[in-house]
There are 2 protein chains.
Amino acid sequence: MPAKPPAPGFVSLVFEISRLYRLSFGRRAQHLKLTQPQSLALAAIAREPGLTQASLAEKLEVHPVTVTQLIDRLERSGWVSRESHENDRRAFRLHLTEQADPILSKLWALAREARAEAMRGLSEQEQQQLESLLLRVKANLLAEDASPRTRTRAG
Amino acid sequence: MPAKPPAPGFVSLVFEISRLYRLSFGRRAQHLKLTQPQSLALAAIAREPGLTQASLAEKLEVHPVTVTQLIDRLERSGWVSRESHENDRRAFRLHLTEQADPILSKLWALAREARAEAMRGLSEQEQQQLESLLLRVKANLLAEDASPRTRTRAG
DNA sequence: GGCATATCATTAGCGTACTTATGATTTGCC
DNA sequence: GGCAAATCATAAGTACGCTAATGATATGCC
């Protein structure tokens with residue numbers, strides 16, 4: 001029998017929260033027929049209409065392939081349109097359709113709601129503390145992520 | 001144009017850390033041909049040999065369907081065996097094969113390493129603080145997760 | 001101008017996770 | 001003892017993330 005496994009601790013907590021929050025948001029947003037990554041994509045396009053898929057991938061910090069599939073679905077649902085780039089025939093510019101407008105307003109409300117629920121009982125100061133600690137953890141992980149090989153993110 | 005989207009903040013941090021950690025672990029473990037969920041499953045079986053898939057699903061806090069697929073792969077890789085339950089012909093008991101033994105020792109080392117990397121620069125006290133804040137967030141999310149409908153987790 | 005290289009996007013294929021539905025038992029209650 | 005309900009596992013379909021490979025175009029350098 002090999003050595004004993006280490007205690008779960010911080011790491012599994014992050015995973016569980018990530019998963020629970022995804023579920024929580026999904027429950028709220030299910031009548032909008034939007035998942036959480038889809039919502040984040042819509043938000044990003046709302047913030048910067050006309051951005052390319054590569055640029056969206058950078059902002060969402062996911063692989064370009066993932067964006068291709070994500071936009072496929074959003075386009076099929078009629079919320080996003082790919083429009084050809086005027087200077088670069090390889091690229092597309094992403095725009096929201098008019099149908100997306102009412103969805104977006106509801107979306108921000110849901111996001112605020114889900115976030116408030118997660119933060120219930122934490123003082124303003126504790127929230128900041130949590131955020132600042134998590135930022136440091138993220139920086140550690142980013143540091144070792146940046147070196148190995150070519151990554152999507154610019155860093 | 002609808003209202004402005006809220007600031008990213010805590011939530012996206014959790015997602016990013018979750019994703020970055022998964023990558024970090026994956027990089028370390030890739031020569032072992034093990035992903036992170038697979039590793040967690042092996043660890044759980046090591047802690048409690050002979051447990052059923054349903055019981056494993058509870059421990060990993062994932063859906064039983066997910067465990068079915070996970071064990072499919074681990075069995076195909078030769079690290080886990082399904083053995084029929086002596087009292088319940090519906091169920092299987094999960095056991096590690098002998099081939100899994102050397103992998104496991106390496107695994108604990110990797111997990112500790114990845115965790116230390118994530119925690120670099122945080123004092124013992126800060127780590128505990130972070131863990132305790134995250135626990136409260138998790139409790140909030142669990143509270144609303146428990147009510148709606150039948151969940152995998154017992155609660 | 002022309003060739004090598006880089007970039008944008010896609011396809012194909014894998015792993016993880018979910019929902020919903022189904023088959024096979026076991027359990028509970030009368 | 002027998003039937004309804006719960007439980008264990010699986011199957012099918014969807015979503016999302018990745019890697020690797022490909023096609024089309026842009027860019028850079030000579």
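In this predicted model, a polar side-chain atom of B:Arg82 lies 3.3 Å from a phosphate oxygen of DNA strand D. This report describes the surroundings of the two DNA strands, then the protein core, and finally several individual residues.

**Surface near DNA strand D**

DNA strand D is surrounded by 24 residues, of which A:Thr35, A:His63, A:Arg73, B:Ala54 and B:Arg90 come nearest. Both chains are represented in this surface: α2 (36-47) and α4 (64-76) of chain A, together with α3 (53-60) and α4 (64-76) of chain B, each supply at least two residues. The element that gives the most is α4(A), with five residues. By class, the residues near DNA strand D comprise eight nonpolar, nine polar and seven charged. On the DNA side, 68% of the strand D atoms within 4 Å of the protein belong to sugar or phosphate, and the rest belong to bases.

**Surface near DNA strand C**

Around DNA strand C there are 25 residues, and the closest are A:Gln53, A:Ala54, A:Arg90, B:Thr35 and B:Arg73. Sugar and phosphate make up 69% of the strand C atoms that come within 4 Å of the protein. Here α3 (53-60) and α4 of chain A, with α2 (36-47) and α4 of chain B, each supply at least two residues. The greatest contribution is that of α4(B), with five residues. The surface near DNA strand C consists of eight nonpolar, ten polar and seven charged residues.

The table lists polar side-chain atoms of the protein and their distances from phosphate oxygens of the DNA.

| Residue | DNA strand | Distance to a phosphate oxygen |
|---|---|---|
| A:Gln38 | D | 3.3 Å |
| A:Thr66 | D | 2.9 Å |
| B:Arg82 | D | 3.3 Å |
| A:Arg82 | C | 3.2 Å |
| B:Thr66 | C | 3.0 Å |
| B:Arg73 | C | 2.7 Å |

B:Arg73 thus appears among the closest residues to DNA strand C and also places an N or O atom of its side chain 2.7 Å from a phosphate oxygen of that strand.

**Chain architecture and nonpolar core**

Chain A contains six helices and two strands, arranged from the N terminus as α-α-α-α-β-β-α-α. Of its 155 residues, 45% count as buried. Among the contacts in chain A with a separation of 6 or more, 50% are between residues 24 or more positions apart.

The largest nonpolar core has 86 residues, and those with the most contacts inside it are A:Phe10, A:Leu130, A:Leu134, B:Phe10, B:Leu130 and B:Leu134. B:Phe10 lies in helix α1 (residues 9-29) of chain B. Its relative accessible area is 3%, so B:Phe10 counts as buried. Apart from neighbours within four places in sequence, B:Phe10 is in contact with A:Ile17, A:Arg115, A:Met119, A:Leu130, A:Glu131, A:Leu134, B:Leu134 and B:Val137. With the same neighbours set aside, A:Phe10 is in contact with A:Leu134, A:Val137, B:Ile17, B:Arg115, B:Met119, B:Leu130, B:Glu131 and B:Leu134.

Helix α5 (residues 100-118) of chain B has 19 residues, which at 1.5 Å a residue should span 27 Å; its end C-alpha atoms are 27 Å apart, so the two values agree. The buried residues of α5(B) are B:Ala100, B:Ile103, B:Leu104, B:Leu107, B:Trp108, B:Leu110, B:Ala114, B:Glu117 and B:Ala118. An α-helix has 3.6 residues a turn, so residues three or four places apart point the same way.

**Individual residues**

A:His85 lies in the loop between β1 (80-84) and β2 (92-96) of chain A. With 15% relative accessibility, A:His85 falls under the 20% limit and therefore counts as buried. The side chain of A:His85 makes a polar contact with the side chain of A:Arg93, at 3.2 Å. Beyond its neighbours within four places in sequence, A:His85 is in contact with A:Thr52, A:Ala91, A:Phe92 and A:Arg93.

Two residues merit attention for their backbone geometry. Most residues other than glycine have a negative phi. A:Glu61, which is not a glycine, has a positive phi of about 55 degrees. A:Glu61 is placed in the loop between α3 and α4 of chain A and is buried, with a relative accessible area of 14%. B:Lys33, also not a glycine, has a positive phi of about 60 degrees. B:Lys33 lies in the loop between α1 and α2 of chain B and is exposed, with a relative accessible area of 67%.

Technical notes
Residues are numbered from 1 along each chain as its sequence is written. Chains are lettered from A and ligands numbered from 1 in the order in which they are written. This is a predicted model: local features need pLDDT of at least 70, side-chain atom pairs count only at pLDDT 80 or more; totals for chains, interfaces and linings use all residues. Side-chain values use heavy atoms; hydrogens and water are left out. A residue is near a molecule or strand if one of its heavy atoms lies within 4 Å of it. A polar contact is a pair of N or O atoms within 3.5 Å; within protein, one must be able to donate a hydrogen and the other to accept it, and residues adjacent in sequence count only if both atoms are side-chain atoms. Helices (H or I, at least four residues) and strands (E, at least two) are DSSP runs, numbered from the N terminus. Ala, Val, Leu, Ile, Met, Phe, Trp, Tyr, Cys and Pro count as nonpolar, Asp, Glu, Lys and Arg as charged, and the others, Gly among them, as polar. The expected span of a helix is 1.5 Å times one less than its number of residues. Buried means under 20% relative accessible area, exposed over 50%, partly exposed in between (1.4 Å probe, protein chains only). Contact means heavy atoms within 4.5 Å. A nonpolar core is a set of buried Ala, Val, Leu, Ile, Met, Phe, Trp, Tyr and Cys residues joined through side-chain atoms within 4.5 Å.
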